[in-house]
Amino acid sequence: MVTVENLTFRYGGSGFRLNVPQFALAENERVAIVGPSGSGKTTLLNLIAGILTPEAGRIVVAGTDVAGLPDVQRRRFRASTIGFVFQDFALLDYLSARQNILYPYRITPALTLDAAARDRAEALAASCGIGDKLDRHPTALSQGEQQRVAICRALVTQPKLILSDEATGNLDPDSKARILDLLFAQAAEAGAAVLAVTHDHELLPRFERVLDFAQFRESEDA
Ligand code: ADP
Ligand code: MG
């Protein structure tokens with residue numbers, strides 16, 4: 001589902017440099033990423049999603065060379081292929097929770113907002129415990145509730161690749177396990193692969209593989 005080869009990336013004006021010689025994620029595989037804060041975990045997810053462009057190297061997602069796509073196509077590819085739970089949620093305050101969940105359908109002609117999609121949004125929200133809060137705006141939701149909206153938005157399109165950036169960070173232990181159950185159940189149903197950054201070490205046994213990110217970081221002055 002994902003192949004990364006000889007990837008290098010740096011932010012302009014920053015000493016940080018990411019170097020990933022090789023990484024592969026199989027279809028249906030569930031891999032956790034752990035590593036110290038600032039080691040580039042979020043950066044790698046953004047590169048795989050085509051939000052950032054590599055300095056050098058290759059990133060292939062579902063057979064498509066992501067970095068090689070023009071901007072508009074890359075955004076469309078992302079919206080129809082990838083579900084991304086952002087670390088900071090990235091919800092839009094002027095939209096209700098329901099509209100946030102259905103947002104991918106607004107921005108991607110390839111996705112059709114039909115009754116089935118609306119039903120999926122309702123069902124996902126209900127299984128996340130926010131079924132009664134769909135008409136609220138993010139500003140009237142707790143951090144944990146906002147996080148669940150972000151998770152529903154990532155899953156509603158039934159993406160082939162789920163990227164999750166500390167998606168359970170703001171939840172209590174019971175909710176964490178429940179949300180991960182939901183994420184994995186959705187992934188299994190859609191035949192999706194999961195790549196999840198997490199600090200919850202108690203969740204790691206649920207993944208097939210754990211990638212420790214410390215290894216990818218080059219020293220600041222390299
Ligand atoms: P992690 O998710 O592992 O905590 P990040 O990928 O967010 O780490 O960040 C890796 C490094 O890149 C950090 O040193 C961070 O300060 C830096 N960084 C992140 N975003 C930017 C940016 N937009 N511009 C410059 N530096 C950045
Ligand atoms: Mg991060």
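These notebook entries record what I looked up in the structure, one topic at a time.

**Entry 1: the open sheet**

I began by noting that I am working with a predicted model. I then looked up the open sheet, and I found four strands in the order β2-β1-β4-β5, with antiparallel pairing. At its edges I noted β2 and β5 (64-65), each of which pairs on one side only. Turning to the pair β1 (residues 2-10) and β2, I found that they run antiparallel and are joined by eight bridges. As one example to look for in the structure, I wrote down Val2, whose bridge partner in β2 is Leu25. I also looked up what lies across these strands, and I found helix α1 (residues 41-48), which lies across β1, β2 and β4 (56-61) and runs at about 120° to β1.

**Entry 2: one residue of β1**

I picked out Thr8, which lies in strand β1. Is Thr8 buried or exposed? I found a relative accessible area of 11% for Thr8, and because buried means under 20%, Thr8 counts as buried. I then looked up what Thr8 touches, leaving aside residues up to four places away in sequence, and I listed Arg17, Leu18, Asn19, Pro54, Glu55 and Ala56.

**Entry 3: β7 and its partners**

Next I turned to β7 (161-165), and I noted that this strand is mostly covered, with five of its five residues buried. I checked which way these residues point, and I found Leu161, Leu163 and Asp165 on one side of β7 and Ile162 and Ser164 on the other, all of them buried.

Which strands pair with β7? I found that strand β6 (residues 82-85) pairs with β7 in the parallel sense over four bridges, and that strand β8 (residues 193-197) also pairs with β7 in the parallel sense, over five bridges. Leu163 appears in both pairings, since I noted it as the bridge partner of Phe84 and also found it opposite Leu195 in β8. I then followed the chain from β7 through helix α7 (residues 173-190) to β8, and I recorded this β-α-β crossover as right-handed.

**Entry 4: around ligand 1**

I looked up the residues around ligand 1 and wrote down Tyr11, Ser14, Phe16, Pro36, Ser37, Gly38, Ser39, Gly40, Lys41, Thr42 and Thr43. I then checked some distances to oxygen atoms of the ligand, taking one residue after another. For Gly38, I found a backbone N or O atom 2.7 Å from an oxygen atom of ligand 1. For Thr42, I found an N or O atom in the side chain 2.8 Å from an oxygen atom of ligand 1, and for Thr43 the distance from a side-chain N or O atom to an oxygen atom of ligand 1 is 2.5 Å.

**Entry 5: two positive phi values**

Finally, I looked up two residues other than glycine with a positive phi, and I noted a value near 70° for Asn28 and one near 50° for Gln158. Where does Asn28 lie? I found Asn28 in the loop between β2 (17-25) and β3 (30-34), while Gln158 lies in the loop between α6 (143-155) and β7. I also checked accessibility, and because the range between 20% and 50% counts as partly exposed, I entered Asn28 as partly exposed at 46% and Gln158 as partly exposed at 34%.

Note on methods
Residues numbered from 1 in each chain as written. Chains lettered and ligands numbered in written order. Predicted model: local features only at pLDDT ≥ 70, side-chain atom pairs only at ≥ 80, totals over all residues. Heavy atoms only, no water. Buried < 20%, exposed > 50% of the residue type's maximum accessible area, 1.4 Å probe, protein only. Pairing = 2+ DSSP bridges. Contact = heavy atoms within 4.5 Å. Axes fitted to C-alpha atoms, helices over the stretch in contact; angles between N-to-C directions. Right-handed = clockwise from strand over helix to strand, strands pointing away. Near = heavy atom within 4 Å. Polar contact = N/O pair within 3.5 Å; in protein donor to acceptor, adjacent residues only side chain to side chain.
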